[in-house]
Amino acid sequence: MWGGVAVSVVTALLVARGAHDYSAGVRVMERDFYGVVRTADHDSRSPTARCTTGPIMHGGQLLGDSFRNTPADYFGPTSGYGRCSSRCAR
């Protein structure tokens with residue numbers, strides 16, 4: 001009987017921790033046709049806000065006033081778009 005109680009308590013703790021980790025730093029979380037779309041802040045070398053659907057990251061934005069209009073991820077200066085736009089702007 002005590003083994004069953006211990007397993008139940010450990011399971012409840014793991015579920016609570018998983019729910020907390022899943023929603024930590026989340027600005028927006030909505031469900032659409034494709035699944036749950038989340039926009040969450042991530043503190044790393046460069047703090048970013050990232051848009052994800054499950055394991056797929058769709059893009060991000062650098063946080064901070066100095067990065068306000070700086071393109072990142074798909075539209076960064078070394079991406080295909082960034083190279084094209086820098087050549088086309090001349």
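Contact here means heavy atoms within 4.5 Å. The legends below describe a predicted model.

**Figure 1. Overall arrangement of the chain in the predicted model.** The chain comprises two helices and four strands. Read from the N terminus, these elements follow the order α-β-β-β-β-α. Along the principal axes, the C-alpha atoms occupy a box of roughly 75 × 30 × 20 Å. The radius of gyration of the chain is 20 Å, whereas a compact globule of 90 residues would have a value near 12 Å. Of the 90 residues, 13% count as buried. The accessible surface amounts to about 7400 Å², and carbon and sulfur atoms account for 60% of that area. Among contacts between residues at least 6 apart in sequence, 1% join residues at least 24 apart.

**Figure 2. Close-up of helix H1 and the residue that follows it in the view, Gly 25.** Helix H1 covers residues 2-23. This helix has 22 residues, and the distance from its first C-alpha to its last is 32 Å, close to the 32 Å expected at 1.5 Å a residue. Just after H1, Gly 25 adopts a positive phi of about 75 degrees.

**Figure 3. Close-up of a nonpolar surface patch that includes Leu 13.** Met 1, Trp 2, Val 5, Val 9 and Leu 13 together make this patch, which has an area of about 640 Å². An α-helix has 3.6 residues a turn, so residues three or four places apart point the same way. Leu 13 lies in helix H1. Leu 13 counts as exposed because its relative accessibility is 58%, and the cut-off for that class is over 50%.

**Figure 4. Close-up of Val 28 and its contacts in strand S1.** Val 28 belongs to strand S1, which spans residues 26-32. With neighbours within four places in sequence left aside, Val 28 is in contact with Val 37, Arg 38 and Thr 39. The C-alpha atoms of Val 28 and Thr 39 are separated by 5.2 Å, although the two residues stand 11 residues apart along the chain. Val 28 has a relative accessibility of 40% and therefore counts as partly exposed.

**Figure 5. Close-up of the salt bridge between Asp 41 and Arg 27.** The count of salt bridges comes to one. In this pair, the side chains of Asp 41 and Arg 27 meet with an N to O distance of 2.7 Å. The pair links distant parts of the chain, with Asp 41 in strand S2 (residues 35-42) and Arg 27 in strand S1, 14 residues apart. Asp 41 counts as partly exposed because its relative accessibility is 28%. Arg 27, with a relative accessible area of 53%, is therefore exposed.

**Figure 6. Close-up of the buried residue Thr 52 and its surroundings.** Thr 52 is located in strand S3, which runs over residues 48-53. The relative accessible area of Thr 52 is 13%, so this residue is buried; the cut-off for burial is under 20%. When residues up to four places away in sequence are not counted, Thr 52 touches Val 36, Val 37, Arg 38, Met 57 and His 58. Val 37 and Arg 38 also appear in the view of Val 28, where they are among the contacts of that residue.

Technical notes: Residues numbered from 1 in each chain as written. Predicted model: local features only at pLDDT ≥ 70, side-chain atom pairs only at ≥ 80, totals over all residues. Heavy atoms only, no water. Patch = residues over 30% accessible without salt bridge, like charges linked within 9 Å, V, L, I, M, F, W, Y side chains within 5 Å. Areas by Shrake-Rupley, 256 points an atom, 1.4 Å probe, with all protein chains shown as cover. Salt bridge = Lys/Arg side-chain N within 4 Å of Asp/Glu carboxyl O. Buried < 20%, exposed > 50% of the residue type's maximum accessible area, 1.4 Å probe, protein only. Expected span 1.5 Å × (residues − 1). Rg over C-alpha atoms; globule rule 2.2 N^0.38 Å.
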